[in-house]
Each structure stands twice: as C-alpha cells, then as structure tokens.
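Reader: I would like a close look at one part of this model, the surroundings of a single residue in a loop. Please add whatever helps to place that residue among the helices and strands.

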Amino acid sequence: MRILLLVTAFNGLSQRVWCALREAGHDVGVQLATGAPAIVDGVRSADPDLILCPFLKQRVPAEVWQHWRTVIIHPGPVGDRGPSSLDWAITEGARAWGVTALQAVEEMDAGPIWATRTFSLPAAAPRKSSVYNGPVADAALECVFEVVAKAADPDFRPVPTDQAPTELPGARPRPAMKQADRAFDWSEPTEHILRRIRAADGSPGVRTEIAGLPVFAYDATPGLVRPGEPGTLAGRRQGAVLVRTGDGGLWLGHLRAAEAGLKLPATTLLGARLRDVPHSPLPVGVEPEAPAAYRQVRYRRTGRIGWLAFDFYNGAMAPGHCRRLLAALRHAAAQDTDVLVLRGGTDAFSNGIHLTVIEAAADPALTAWVNIRAINDVCREIITCTRQVVVAAYAGSAGAGGVMLGLGADVVAARAGIVLNPYYDMGLYGSELHTFTLPRRVGAERAEQLVEDKLPVSAEQAAAIGLVDEVGPRHPGAYTEWLTELAERVADPRTARRRRQDKARRLAAERVPLEVYEARELAEMSRDMFGDRSGFAAARHAFVSKAQPAATPERLRLTTGATVSRIVPERRPVVRPAVPLSA
C-alpha cells in the first residue's frame, strides 16, 4: 500500500510508524504540514492509498480529506476531544487512557472511528513525554496496523462517533489547557505541584516564579529538603535547583524565561540569582541510590556486574553531563567486576551534544567545540575499556551522536520499539568516533549510507544490519529483566575473559591509532562549528526554536515506484532472548 504520513514534525512516534510500515512492505512517505497549499500539492503529487496522521496539530485541508482517506491518530480514548488530551489526563490523575484512530472530517477529532486502544496509567504522576513515548506510542502503532488492514478491506466502514461506546469515564470534549488550569502555589503539597508540572513537561511548561524571575518550569523530581518558606530555593545540584513546597521539595531541572528564551538547565538560566544558594551534596542519611537523591548518573553493582545508569533530560548532553558520565565510567571501570552495563534513560538513551545550551552560549561555536570534545572522551572510554565486557543498553531511542555513543561497547542491547536516527540535517560532519565504530559494526558501505541518508532505523532493523547485537522486550520492566539475564550470561568467567582478551588484542593490532580517527573527525567538525560551512548556526537555531520547516525534505517524500529502504532486511528479525554469547 502507498501510505503518506501527514505530520507537523517527523517526531519520534512518526519515525516509529514510518519504520514499522516500511518493514511491513509498504511504500511510505512523509508530508510535513507546512501550510494548506503545500499539503494539498504534496498529497496530489504522492497520490497515496491512505493518509495517516500520527502527529498533526494543524487541520487537514478539506481538499485532502474529501478525496483521500485520511485517518488521525489521537492520543485520547473514544469520546475524548481536544488538543490537550494527555495534559488533562495526567493533571486529573486518570488511571487509564487510550488512543483513537478516527477519520478526518470538518470538525477536529469528530470523525468516525477506525480503531482504538486503552492502557493503564501509573498512580504516581508520570511525565507527559514518558506517557507519549511509551504507552501512547505502543497503542498508536497497534491502531496504525489495524487501520492499514481495514483500509485494504473494501467492505469496512468506520464506526460513527455517536455510535461508539465510551470506555473511559474521563473521556469527553475538552478545550486547550491554559496556564490558569495548570497554576499552582508553592505552599501546596509536592504531589499536587509535581503532577501539574509533569502534565506540561516538554511543552508548554507551567508558569511560576523562581528566585524572583518569572519562568516556565519543567523536569520536576521530588526531593528532600529542610523546612522553610515555600517557593524559596534550598539548594542546587547538577544543573537543577531544589524548591521548597508545602510539605517537602521539588528539584526543577529545566526552566525557560517567561518573557522569551530557550529551555535551559535551571542553574544556567538563573545564573547570578543563585549566588547565595548552596550546592547540595546528598542529604544526610540518604543513600546515593535512594529515589530522594537527585542524581543524573548512578552506579551500583550486583555480584560481578556493574550497572551504570544515566538519564539526561531529553537525552541532551552538555559538557557537564559528559564530564559526570566520564567520571562515573572511570569509577565503574576501576571496580573488580566482569561486566559493565551502561544504560541510558527510557525516554531517551542519548541525543548527543546539547544544542540548546550551545545556542544560548555567548560563543556558540566554542561551546559546541567543548561539547563535542567532552562527548568524545566518553566514547573513547567505552571503546578502550578492557577490564570489563561493556554492554550498552539502549532502553530509549537515540539520535545524532547519541546513536554513536554506545557503539564502541562489546554488546549493544536495544529495547524493541525504540528508534535510532544516526544523524540529523544539522550542518555537522559528526564525531563521537563514529568513523572507527560504525564501519566495524555494519561495514564501510552501509556506514556511509546510514550517515548520508539520515533516516531512522528501528531496533529490529538495527539488529538485522549489525548496528546492535540484541533486541529485548518492548515493555521497560520486561526489558530490565531481560537485560539482567543477558548481563549474567555475559558475565560467565570464561566468556567474559575471552572477550576482554580479544578486545585488547584487536585494539593493540589497530594500525591507525584511535586518536587519528578523532583528529580527522574534529578537523571536519571545526570547519562546521567555527567556519559554519554547512549551515550549523541556522540549522541549530531552527531546531531549538522549533521553527516550522520551509518544505518536506526530498528524502522523506513518497515518490512513484518508491521501495523499501535498502537497509531493511527481507524478513523482519524477531526479538531474541538472552543466550550465551560467543566471543
């Protein structure tokens, strides 16, 4: 089937749908919603059998939905309508929610229903991004394939909205959530405030005041704090500030100035306003692994296995994040263990250098240079670690240099359902020692193709071409259990010793030193960062400001005679259980 994805942006969910449909054998293209005339022209040119809208904020032009079957994937259950579906569900503590596939008509979210799924939500307030990238994305993909199957059935007719049963009591038409609906007072309970900030996480944030500055707040985590006046700052740590609430405290990792500006680490935005705010060590009596301890990087060990977990907001890694991760890596490598598991966050493994911090810097080019050097140090530490077998666990999706970050590990273990997008159109050559690691995994020709095409790859595709070694279950809890079993098998003394020795011999036998690969990459990056030869400054600004693209990139378009990507195998690989790995 010829399928066109009509989307506001080619976001994570859209990329996942794109990958899955192409792997299933369909011809799939993308049309960005850059304006009604461009949409109409793009649809006419593509002439698809079906239009799917997994992420669309704009109205579908009547000229499109009246002539082409167009199905909207709405992040709400049957009966729910409006642009703030997840925001309302999280704010009001809904314990179940859903996704509905409905046909585009004149009135938004009011068309007949093609498919629907429901799922549970946790009692503790989840981040909107976690819900969207997790259960919403999973349910959306199931709806997509049901829609495609029904679209092939000439006798199928979607169910009118007024005839479809409403499965969840909270599902009803809702207006866009305003800041007045999100408002809170710092004297209110921590859980109440946390739920409101997390319901607005990603966008738009919640307006409040911190240290006398009107801001939008994001990235909230509960914390322990000594009693004091609500709304005052009790400490700062690793880029976050600790704000007192009515019954405790909240760490705020990111803020955006209310008047104008970018979403930045809280301490970066507040700057001199934190002059009298103390740096916070771990609270007395709190173990480093306790939930109340605000840490972006954590290490623990179980027997002969070391577990190094890192979780950076949106996967962006500024120089400080890289330095903290590097220090933790060196600490972990110095331990008497056989296996080191390096696991990123479930929302994102890594998305490479921190473009927002770079954009906000007084000297963006120099900051970008410092950032790429810092992330390269992390990559080098992974590649050269021979004291342990290193397992890079991609529990979340990765983009740009974040894909390359873990490729130097001995075993790369991805979670089913994630997407790897090697490099974006950012005007950068790329570094992260990818010219060393990538060809050794997929071969020189395919490595060049991945970097040049700049197209997303599913975990299953990645396993088929050798980009990753293992693919574990989709559910995060099941993936953790699977990863533990995998690590235990890799830790077998004979296997682990043989792997370490072989890796040491391979590194010693390299004719070209690792430093040469990095020097070549950095020579190219210096031209991009300081010379701006490929438009890095403009591309970076457009990315961080979420500027609407001028047009759909040609590589994404649905063209006549389109075929499945060259890197897709003929048969989709299955998720493999953990088994003993040979050297």
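Author: The loop residue comes first, followed by a helix and then the strands. The model is a predicted one.

The residue is N11, which sits in the loop connecting β1 (2–7) with α1 (12–23). Its relative accessibility is 16%. Buried means under 20%, so N11 counts as buried. Setting aside the neighbours within four places in sequence, N11 has contacts with F55 and Y132. With Y132 there is also a polar contact between the side chains, at 3.1 Å. P54 is 43 residues away from N11 along the chain, and the C-alpha atoms of N11 and P54 lie 9.3 Å apart.

Helix α7 covers residues 190–199, and eight of its 10 residues are buried, so the helix is largely enclosed by the rest of the structure. The buried residues of α7 are T190, I193, L194, R195, R196, I197, R198 and A199. Three arginines, R195, R196 and R198, are therefore on the buried list together with residues such as I193 and L194. The packing partners of these buried residues include helices α4 (85–91), α5 (128–151) and α6 (179–182). Strands β7 (206–210), β8 (213–223) and β11 (249–257) are also packed against by the buried residues of α7.

Strand β5 (residues 96–103) has six of eight residues buried, so this strand too is largely enclosed by the rest of the structure. Strands of a sheet pair through backbone hydrogen bonds, in a parallel or an antiparallel sense. β5 pairs with β4 (residues 70–74) in the antiparallel sense, over four bridges. Within that pairing, L102 of β5 is the bridge partner of I72. β5 is also joined to β6 (residues 113–120) by seven bridges, and these two strands run antiparallel. Here A101 stands opposite A115 of β6.

Further along the chain, six strands make up an open sheet with mixed pairing, in the order β13-β14-β15-β16-β18-β21. Its edges are β13 (297–302) and β21 (470–472), each of which pairs on one side only. From one strand to the next, the twist averages 20°. One of the pairings in this sheet joins β16 (residues 389–394) to β18 (residues 411–415), in the parallel sense and over four bridges. V391 has V411, in β18, as its bridge partner.

Key:
Residues numbered from 1 in each chain as written. Predicted model: local features only at pLDDT ≥ 70, side-chain atom pairs only at ≥ 80, totals over all residues. Heavy atoms only, no water. Buried < 20%, exposed > 50% of the residue type's maximum accessible area, 1.4 Å probe, protein only. Contact = heavy atoms within 4.5 Å. Polar contact = N/O pair within 3.5 Å; in protein donor to acceptor, adjacent residues only side chain to side chain. Pairing = 2+ DSSP bridges. Axes fitted to C-alpha atoms, helices over the stretch in contact; angles between N-to-C directions.
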